[in-house]
Amino acid sequence: MRNKGAIWTLAIALALVCIYQLSFTWKAVSVRNQAVEYALDKTTNEVDPVTEQYFLDSVANEKIYFFNMFSYRDCIERELNFGLDLKGGMNIILEISVNDVIRNLSSSPQDTTLNKALVLAKEYQRNSGEDFVMLFGKAFEEVAPGASLKSLFLTKELSDKISFNATNEEVISVLAVETKGAIDNAFNIIRTRIDQFGVAQPNIQRMETAGRILVDLPGVKDRDRVRKLLQGTANLEFWEVYENTADVQQVLLAINEVVKNQKEAEKALEEATSEGVEQITEPETTEEVAEEGPGSLLEEVAGDTSKAELTQDVDAQYPFFSIMQPFPIRDNTSAGPVIGVSHFKDTAKVNLYLKLAKEKNIIPRDMRYMWSAKAITGDDDKPTNNFELYAIKVTGRDGKAPLDGDVITSARQEFDDARGSAHVSMTMNGDGATKWARLTRENVGQAIAIVMDNKVFSAPIVQGEIKGGSSQITGNFTIAEADDLANLLKSGKLPAPARIIQETVVGPSLGHESVNSGLNSFIIAFAVILLYMMFYYSRNAGFVADIALVVNLFFIIGVLASLGAALTLPGIAGIVLTIGMSVDANVLIFERIREELAAGKGLKLAVKDGFRNAYSAIIDANVTTLITGIILLMFGTGPIKGFATTLVIGIFSSLFTAIFVSRIIIEQYLSKNVDFKFATKLTQGAFKNVNIKFLEKRKLFYVVSILLVGISLASILGFRGLDFGVDFKGGRNFIVRFDAPVDNKDVATSIGEKFGEEPSVITFGEEDQVRITTLYRIDEEGTDIEDQIQQELYTALKPYFAEDLNYTDFAQTKLLSSQKVGATIADDIQRNSVWVLLSAIGFMFIYIFLRFRNWQYGLGAVVALIHDSIIVLGLFSILHGIMPFSLEIDQAFIAAILTVIGYSINDTVVVYDRIREYVTIHPKHDRKDVINNALNSTLSRTINTSLTTIVVLSVIFILGGEAIQGFTFALLAGIIVGTYSSLFIATPLVYDTVIKSVEKAASKKKQK
């Protein structure tokens, strides 16, 4: 073997790099162990988390490693990164609203044509992967044919980019550039927020679809805090307010009448429809009721609480006040800016009624309503579920606040010992200081509302003019809340709202269990492979293969750490699968050497020729799998990308260790004249004289395959269908662990009473663990929606837990994970999945066609791949709801199908390679005999590789945990079906198509 020195140098260099990178993991773990020891209370044998964190914070910036060059913080940034499914945390896909960016760029954001076009563009987006700006251009042409876009976007800011003669295409080009700039700015702002949040090893990256950002936050526990941090626009505004006077309450009375009239009209229409009544009596008008006098009805409902009994009659008379309790007018004191209060579950309905009143011009043009950012604190100093409603006064002609957050130059969290709460102190620039002084001077004795993202954080009473541009935002904040608010202000305002369209949350307890199950399955599977190789290929060759496998594993882990890639549970499955497939390279080499030895060659020559003759099949097999891995890397997200990363790294590492490391070690043995064996007494003659007539039985297997495909298609398209996960249809998943096994139907009924619709509830793993799937409020947006839904879930499930379980404990210990996929991204996932599968099959055909210079080989392989995919889909269709684990069609399933495609083509290519070799050696032999001999000669390799991979996957399937059982089941089924199709479908099809083409050619020759 040539260039041994270069290979040794490369191997040693790679090993040193891996050791260096993994040493940071060792150091970080040792520091955390010291922290645990420091925080351990020896009397109770419990670790105090506060003391533990104090220790870690104290050494965070201390130089402690590698000649005092790196701090503990540096070490944790460089250590091996565990994914969310192993460590717990959040995986989020944010979407910057390009819709709002375009609207904000317009000179007439309320224009009817503009908004119709934006709505239509959103509809287009559901079924198209095209850029939203381009879709907006098409929608505008449809809504207003021949109209000019420049009239909507000739603003001061865009005047130098859009000319008076600009065409619609030119305007769209400018909008595309501006929206890209806004998205880039939003990406940088979100990155700054996350960096200041202090998460170790966050992953933030742009996605292929414009405006989407992927965020991985391992280890975070406060989910609601993260949601608010990422979705907050940080649009700070200072508004004047209306005092809670009789005039303001008169407006509330008028709103109540609008609501009352609406409800009476709906009721009358319902009765008329059901009873056949033709005429409906109009209820009294708002003007007639308003004549009763200001505040009279309001005083009856809110002022005299002894008369305000919650009866159906009162609810009918005052439907608005039944969900929005108005504040009474105070005597001889400042009325205050709060006009009413509502329970959080009623705020959406109140907003709907306010919108209705606004449309009927009941609410004055200069009045807006906004909710408080935080719930009211009760008598026990704990937050209630009630939020205050403020009446904001609009004083400017443009409808904008007199002062906004663009003037803020710095913001910081401070703690007020007297109040016992934190607040945010702000400093303004010169222009802001001037405006702030004028605003406070003109509102002495009045409140000024400090608003962030249309939520009132505080509304202090102005005691006097404030000069110098300093201000505070108070609001009974915790230190963490004040920190986050200051962070938002410092990082800047997002150019458009960001909303979470997909979210996966994994609790730390589930992550810990996944680590244990993943490691256990990995260790057992790895040990099985090592033992099998020594059993089948002897202590000599088996030991060499085992060394190559161990080195391969070391390189994979080291490269993962070097690249900063996350190790996920599917990633562990990818490593184990890669190791199982790396056995294939050793098997190919060893089987070739055994063939050369059987041909009578000496040991050294047999080794040399065995390696050389195996190269072609090894390269072809690994390139086809590499194509699968690259496609997964391009289109996958989260854990699937982790699987693809380990798969791709593993392919390169396996090639290096099997081809070079194994050979160097074997040649080292041979140089010492060791009697090197490649088989044991039990396996010496295995598959040696096999002579199966594969092609003679091909029609029988065609019939079997047609039946299997037919049954699968009938189930998929007819009587069973497929169980699509939330990845494909949108919705929410919650995994909840109870104290004891529960009845799934009872759980579904309890949740249905709270949600208004029954979810799907199935046992997930252990009998005391369920997965809840629902579409409840999936289209609603807002920073508080997820927390509200989880609180409602807690309320519905509370009877199934101990009485002392509060919401915080439920969220941290019983709610193991949650997932949300919005409808828009679900459509995109469906579309991308189809393209991914078609791309994989297409690339496989192209590669095989180019490699074998024969379209029949490509056709046989593609038919086999489609055959494998349909049968695996059919199994999922037939068995879902029957098997004791989830068989959903989701992104993990697509990853499994792609892996099966790669594996199946791997098998097929090895056989094709041997056929090509035999045809070259025996060009005059009967083609049927040549192909049968090729299949029989590779049978040992096929059985060994498939058997080891199946055993490995079986271990993962049994011990790897419920999170990847569906994934590994698809792999198991696919590899069994793929092995079958390589032997009985792909190769026989090549024979039939090649023979026909040969017969046609011969027939034409005779005719001539």
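The following exercises, each with a worked solution, concern a predicted model of a protein.

**Exercise 1. Describe the overall extent of the protein and how its residues divide into secondary structure and buried positions.**

Begin with the secondary structure, which comes to 32 helices and 25 strands. Next take the C-alpha trace, which spans about 110 × 75 × 65 Å along its principal axes. Then turn to burial: of the 1008 residues, 52% count as buried. The accessible surface comes to about 46900 Å², and carbon and sulfur atoms account for 55% of that surface. Finally, consider the contacts with a separation of 6 or more, of which 74% join residues 24 or more positions apart.

**Exercise 2. Compare the span of helix α7 with its expected value, and list which of its residues are buried.**

Helix α7 covers residues 132-143 and so has 12 residues, and the expected span takes 1.5 Å times one less than that number. The distance from the first C-alpha to the last is 16 Å, which is close to the expected 16 Å. The buried residues of α7 are Phe132, Val133, Leu135, Phe136, Gly137, Ala139 and Phe140. In reading such a list it helps to recall that an α-helix has 3.6 residues a turn, so residues three or four places apart point the same way. As a last step, look at the start of α7, where a side-chain oxygen of Asp131 comes to within 3.0 Å of the backbone nitrogen of Val133.

**Exercise 3. Work out the strand order of the open sheet that contains β15, and place the helices that lie across its strands.**

The sheet has 3 strands in the order β15-β16-β19, and the pairing is antiparallel. Its edge strands are β15 (408-416) and β19 (470-477), each of which pairs on one side only. From one strand to the next, the twist averages 20 degrees. Between β15 and β16 (residues 421-428) there are 8 bridges in the antiparallel sense, and Asp416 stands opposite Ser421 in β16. Helix α16 (residues 430-441) lies across β16 and β19 and runs at about 115 degrees to β16, whereas helix α17 (residues 479-491) lies across β15, β16 and β19 and runs at about 175 degrees to β15.

**Exercise 4. Explain why Ser471 counts as buried, and identify the residues that it touches.**

First locate Ser471, which lies in strand β19. Its relative accessibility is 10%, and because the cut-off for a buried residue is under 20%, Ser471 counts as buried. Leaving aside residues up to four places away in sequence, Ser471 touches Phe238, Val424, Ser425, Met426, Met428, Trp436 and Ile450.

Conventions: Residues are numbered from 1 along each chain as its sequence is written. This is a predicted model: local features need pLDDT of at least 70, side-chain atom pairs count only at pLDDT 80 or more; totals for chains, interfaces and linings use all residues. Side-chain values use heavy atoms; hydrogens and water are left out. Helices (H or I, at least four residues) and strands (E, at least two) are DSSP runs, numbered from the N terminus. Buried means under 20% relative accessible area, exposed over 50%, partly exposed in between (1.4 Å probe, protein chains only). A polar contact is a pair of N or O atoms within 3.5 Å; within protein, one must be able to donate a hydrogen and the other to accept it, and residues adjacent in sequence count only if both atoms are side-chain atoms. Two strands pair if DSSP finds at least two bridges between them. Axes are lines fitted to C-alpha atoms, for helices over the stretch in contact, and angles run from 0 to 180 degrees between N-to-C directions. Contact means heavy atoms within 4.5 Å. Accessible areas come from the Shrake-Rupley method with a 1.4 Å probe; for residues, only the protein chains shown count as cover.
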